[in-house]
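I set out to record how two helices pack and how two aromatic rings pair. My entries follow the order in which I looked things up.

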Amino acid sequence: MAAEPKPEILAAFQAAKGFMPVVEGLALHAAATDAAALGLPLLEVGTYCGRSTILLADAARAAGVTALTVDHHRGSEEQQPGWEYHDPTVVDPEVGRMDTLPTFRRTLHAAGLEDHVVALVGRSPQVAAVWGGKLGFVFIDGGHTDEHANGDYEGWAPHLAEGGLLVIHDVFPDPAHGGQAPYRVYLRALESGAFTEVSVTDSLRVLRRTGTGI
């Protein structure tokens, strides 16, 4: 059984702005700890303000690898003005658009984890297109439209090494509980024959690469 994060890491996670519940965070940390044993970077798509990044960075630090986090920091669809998850405190008053990058940097600084994270600021498909290395862990938690969820999967899953973990957040089989794009990507990964399910924790799905392709 994977070691749980230390109390100060869990406290930093809970204090950070974001949406992931603790039970899913613990499952994410366990998966990242498992994957970090491959000695390859851990990557997440969808940084927001760094809540989940804390857990990846902690696992990366313990294993001597690096956590990578990809986001344009302008907010996803549901975080724009007038939508359910909009937070006016992360709007840049000078340009009138969301900018979660300063909050993210403060989050990592407060947790003492800045040295273990590389922030990749840009749109996920563009960053994936220029990424050349293998990854031990890919966590998809970016935009929840089919376009964005499939773009994240198609961009980053090919970089996942044999035995690495693919983790997908906000997987809701019942449409009454949430959007369906992450669920469809989850089904796509299973149907590809390249991935085997490892665990289910509420809306968090952990899959291991056991074959080739996507």
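The entries below treat a helix packing and then an aromatic pair.

**Entry 1: the helix packing**

I note at the outset that this model is predicted. Two packed helices are described by the angle between their axes and the distance between the axes. I looked up helix H1 (residues 7-15) and helix H2 (residues 22-36), whose axes lie 11 Å apart at an angle of about 130°. H1 is therefore oblique to H2, since an angle over 115 but not over 145 degrees falls in that class. The crossing of H1 past H2 is right-handed.

I then asked which residues make the contact. H1 contributes Leu10, Phe13 and Gln14, while H2 contributes Val22, Gly25 and Leu26. I sorted the residues of this contact by character and found four nonpolar, two polar and no charged.

**Entry 2: an aromatic pair**

A pair of aromatic rings is described by the distance of the centres and the angle of the planes. I recorded a count of four aromatic pairs. One of them joins Tyr153 and Phe195, with ring centres 6.5 Å apart and planes at 55°. The pair is tilted, because 55° is neither under 30 nor over 60 degrees.

I next asked where the two partners lie. Tyr153 belongs to helix H6 (residues 146-156) and Phe195 to strand E8 (residues 195-201), so the pair ties together parts 42 residues apart in sequence.

**Entry 3: burial of the pair**

Are these two residues buried or exposed? Tyr153 has 0% relative accessibility and counts as buried. Phe195 is also buried, at a relative accessible area of 4%, because the cut-off for buried is under 20%.

Key
Residues numbered from 1 in each chain as written. Predicted model: local features only at pLDDT ≥ 70, side-chain atom pairs only at ≥ 80, totals over all residues. Heavy atoms only, no water. Axes fitted to C-alpha atoms, helices over the stretch in contact; angles between N-to-C directions. Helix = DSSP H or I, 4+ residues; strand = E, 2+ residues; numbered from the N terminus. Parallel < 35°, antiparallel > 145°, perpendicular 65-115°, else oblique. Left-handed = near helix turned anticlockwise from the far one by under 90°. Contact = heavy atoms within 4.5 Å. Nonpolar A, V, L, I, M, F, W, Y, C, P; charged D, E, K, R; others polar. Phe/Tyr/Trp six-rings, centres within 6.5 Å; stacked < 30°, edge-to-face > 60°. Buried < 20%, exposed > 50% of the residue type's maximum accessible area, 1.4 Å probe, protein only.
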